[in-house]
Structures are given as C-alpha cells and as structure tokens.
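Student: Could we go through this model together, a few questions at a time, with the reasoning spelled out before each answer?

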Amino acid sequence: HPSAGLDVDFNNKGILIPRLTTNQRDNILNPAVGLQIYNMDSDCLEMFFNQGGWLSVRCGCSSFPDASFTSPINLFTNTIIQFNAVENNASNTYIWSFQSGIPSSGNTALSESQWNTSGSYQVTLNVIDEVGCSSSSTQTIEIENCSPTLYSFSTCGQTGRFGPTKNQCNAVYNNSSLDNAVQVNSGIQEWIVPITGSYKISTAGARGGNSNDNSGGAGALIIGEFDLVAGQNVKVLVGQAGLSGFNAGGPSSAGGGGGGSYVLIDDVLVIAAGGGGGANQSSRGTAPGGSGLTTTFGGNSNVIGSNGDAAPGPGGGSRASGGDAGYGGGGGTAAGGGGFIGNGGVAFPVGSGFGLSFNNGGIGGLANNFDADGGFGGGGGGHIATGAYGGGGGGYSGGGGGGWTGNTTSGSAGSGGGGGSL
C-alpha cells in the first residue's frame, strides 16, 4: 500500500513479532518509541512509550470482570426499570443491550429502560475491564401489563387545625392500595414508594372557611409527573378546610384559611395552596376568600367585592399582603396563612392565631372565643370583632389575613388571601 513502509499481504498467515521474557526486554538498549514485543512472562502485547516506558497494550486474561446484574422483581409496562451491575468499577466499560426497550442501550453500571408492550425480552450486559478483558451475561425478563394503581391520600376524616392520627388513617385506608402502608407522624402521613416508575401526582389545597354560602376560597390544584424509585420516602400533608366561626352563614361569621396540601419526596416539593377564609360585615355583604394561587407567592387579603388574588407585598397592616419565597402571609385583623418555611403573621389586634409553616408542623391557626380555626396545612385563623374577617390560606407561601378598611360606619371586613403553590 502506498502509505505503508512494509506491506505483508497474506490471507492465511500473520506477522509474528519478537517474543521476549521481561528480562530480555529490559536488556534492549535504547528502545525506540513505538517498539513492540510480545512479553511471554506477562502474556501481554507491549509497546515502548516516550512517557512511561514499556506499557501493556493488550494482555491475556487470567481473570475476567463480573458481568452479572440485578433487576426489580416486579416488571411492568410503561414503567422505568433499573438494572444494576453487581460489579461497579469506575475503570470498567459497561455496554447494555435492552431488546425492544426504550432506550435500547446503556453505558453505565446502573442503567434504565422501559417497555411499552408486555412479553419476554432479553437484557445483555457486556463488561470490559481496563486491560481489555471482557465477559457478558444475558437474562430473559418478563414484562407484565400494568394497570395504573391509585394511591389516594385523604384527611382520614379529620377536620380542623390538627392532622389525623394513625388509627384514623388505618380505618379509612383499610382494604385500599394504602392499607397498612402509611405511617402518621403529627398528622403528616409517610409512605414508601413500592415500585420504581413514573407517577402522576395531583395535589389539591383545601377550601377556606365560609362566612356565608360557599364564600371560602377554593384551593389550588397542582399536577406533575415524577420518576420515583422504590424505597423513596414520601411525606404527605393533606390540607383541611378552614372552619366557620360563630353564627356560621349569618352576618357575624368568619372563615378560617384553608390548609395547603404538601407532598415532599426527598428534597422535591409539590404544594397546592389553600383558599382564604371568607369575610362578612353585618348587612354590607360577604367578601369571598381568595382562591389558592398557582404562583409561588400568596394573595393579599381583600375587602368586599374582591376575591383576594392580588399581587404580593411586604406584609403587615390592616389589609395584609401575601407571603413570598416560602414564607407566611402577613397578619391583618385576621391571621396570615403559613408557608413552607415561615409561619403566618399574627392578627392585630391579637385575636385569631396564625397558621404554622410545614417545617413547624403545619397546624392551623387557633381561634379565640367565636373566631374560626384555620385548617391543618397552615391555614390562618379567622377573626370576629366589629365585623368578621377571613384567615389567610396556607401553602408554599401563605395568604394574607383579612383586615378592616374604612371606619365603623362605612368600613368593610376583608377576606383572607389564598396561599401560593409550588
């Protein structure tokens, strides 16, 4: 060949390079860079390099890497399945082949695939070590059709500012997909993911308490899809509706803020905000509570004729602003809703209690006298004074507590702002 200094053309013979022992190799004077030999002692093809001296290019294999691997016991269609090489060595090369899988190949010790159709499929792993020795193994897996399983978490029949107990949830989840699978710690439910796969999570915040027919703000609905791994711990706080105060449905009634619903998967959060509590001021009408927001900030409290879904602000004052960045809403005449990080603001003058953040237990605001409790999930307490004021909704960021505007003859009582979501 024109590019070759030596072209040996045979179809039934090879080139036999010098075969030396290690001692003979080391006796070569001033070996040229690129000089090659076969080392009979190490069973290696060796080359002399300018940096490093004699190095092995390819060796005979006295040992081979382990190519065995594991997979989950239960394998279903449309589910991400993880395969793990038993020997995980950073110097090894891993080559996976997944028959009809999506994807059909992988190149790390832990690789994933999924199948859309049930049946028998072959999975092969080829492992190559740092000197080029290799081994492979093949398993035949059985993929079964998978009907989606619904895991439906609820308040377990509990109402008010505190979450359910283990006994309450045992009774409600009996004979369901959650039977004996849920632990309860201070009202927060804990569950272990049973199967690796894709999960759609729908989270709804709770409604604010009524001052009059259905005047509490509706909770937000947040939906997302997540790839979960078997064994992951999931914490669930199901928000509870804000309560209604004295003379519910009448001219002197107030609504507590609805609790936010929280799903915590390791460090990943899904939070649906609760609605603000409704307000009422004698014969001057009802102010509906603010709806839970799909923004990360909570809604301001508001007055008659408005729904409380205003832009965020610094908090405080008679008409309180919603919280932001995971903090609670400000306290007005009624209390603010709790966020993920910070509690809601206290009512001024002190009346109903503020909602606690998720990090502080998520307990709803405590009502005084005839005030209305906030719902579990950080709902702020409603307050009854000259009028009736709605508490802020809980959520990722809390809604502001309802406040008073105007004067004693023409003023209006404010509803609570809805919380913010994540």
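Tutor: Yes, and a definition comes before the rest: helices and strands here are DSSP runs, at least four residues of H or I for a helix and at least two of E for a strand, numbered from the N terminus. Please keep in mind throughout that this is a predicted model.

Student: Where does Ser397 lie?

Tutor: With elements numbered in that way, Ser397 is placed by the two strands that flank it, which are β22 (388-389) and β23 (404-405). Ser397 therefore belongs to no strand run of its own, and its position is the loop between β22 and β23.

Student: Is Ser397 buried or exposed?

Tutor: The cut-off for buried is under 20% relative accessible area. Among the contacts of Ser397 beyond its neighbours within four places in sequence are Thr296, Phe297, Asp324 and Tyr327. Its relative accessibility is 0%, so Ser397 counts as buried.

Student: Which residue has its backbone oxygen 2.7 Å from a polar atom of the Ser397 side chain?

Tutor: The candidates can be sought among the residues in contact with Ser397, a list that includes Gly298, Ala325 and Thr296. The backbone oxygen that lies 2.7 Å from a polar atom of the serine side chain is that of Thr296.

Student: How many salt bridges does the count come to?

Tutor: Side chains of opposite charge can pair when their charged atoms come close. In this model Asp26 forms such a bridge with Arg25, with the closest N and O atoms 2.9 Å apart, and the side chains of Arg25 and Glu46 meet in another at 2.7 Å, N to O. Arg25, Asp26 and Glu46 are thus linked in a network, and the count of salt bridges comes to two.

Student: How many residues apart in sequence are the parts that the pair of Arg25 and Glu46 ties together?

Tutor: The side chains of Arg25 and Glu46 meet in a salt bridge. Arg25 lies in helix α1 (residues 22-26) and Glu46 in strand β3 (residues 44-49), so the pair ties together parts whose separation in sequence is 21 residues.

Student: Which residue of this network is partly exposed?

Tutor: Arg25 is buried, with a relative accessible area of 12%, and Glu46 is buried as well, with a value of 5%. The remaining member of the network has a relative accessible area of 47% and is partly exposed, and that residue is Asp26.

Student: How many aromatic pairs are counted, and why is the pair of Tyr151 and Trp191 called tilted?

Tutor: A pair of aromatic rings is described by the distance of the centres and the angle of the planes. The count comes to 14 aromatic pairs. For Tyr151 and Trp191 the ring centres are 4.8 Å apart, and because the planes stand at an angle that is neither under 30 degrees nor over 60, the pair is tilted, at 50°.

Student: Which of these two residues is buried, Tyr151 or Trp191?

Tutor: Tyr151 sits in the loop between β11 (134-143) and α2 (166-173), and Trp191 in strand β13 (residues 188-192), 40 residues away. At 21% relative accessibility Tyr151 counts as partly exposed. At 6% relative accessibility, the residue that counts as buried is Trp191.

Student: Which residues have a positive phi although they are not glycine?

Tutor: Most residues other than glycine have a negative phi, and most peptide bonds are trans. Phi is near 55° in a partly exposed residue with a relative accessible area of 47%, found in the loop between β5 (69-70) and β6 (81-85). Phi is near 60° in an exposed residue at 65% relative accessibility, which lies in the loop between α2 and β12 (182-185). In that order, the residues are Asn78 and Asn180.

Student: Which peptide bond is cis?

Tutor: The proline concerned, Pro103, lies in the loop between β7 (93-98) and β8 (105-106). With omega near 0°, the cis bond is the one from Ile102 to Pro103.

Student: What percentage of the residues of the chain counts as buried?

Tutor: The chain has two helices and 24 strands, and it exposes about 19,500 Å², of which carbon and sulfur atoms supply 51%. Of its 422 residues, the share that counts as buried is 47%.

How values were computed. Residues numbered from 1 in each chain as written. Predicted model: local features only at pLDDT ≥ 70, side-chain atom pairs only at ≥ 80, totals over all residues. Heavy atoms only, no water. Buried < 20%, exposed > 50% of the residue type's maximum accessible area, 1.4 Å probe, protein only. Polar contact = N/O pair within 3.5 Å; in protein donor to acceptor, adjacent residues only side chain to side chain. Contact = heavy atoms within 4.5 Å. Salt bridge = Lys/Arg side-chain N within 4 Å of Asp/Glu carboxyl O. Areas by Shrake-Rupley, 256 points an atom, 1.4 Å probe, with all protein chains shown as cover. Phe/Tyr/Trp six-rings, centres within 6.5 Å; stacked < 30°, edge-to-face > 60°.
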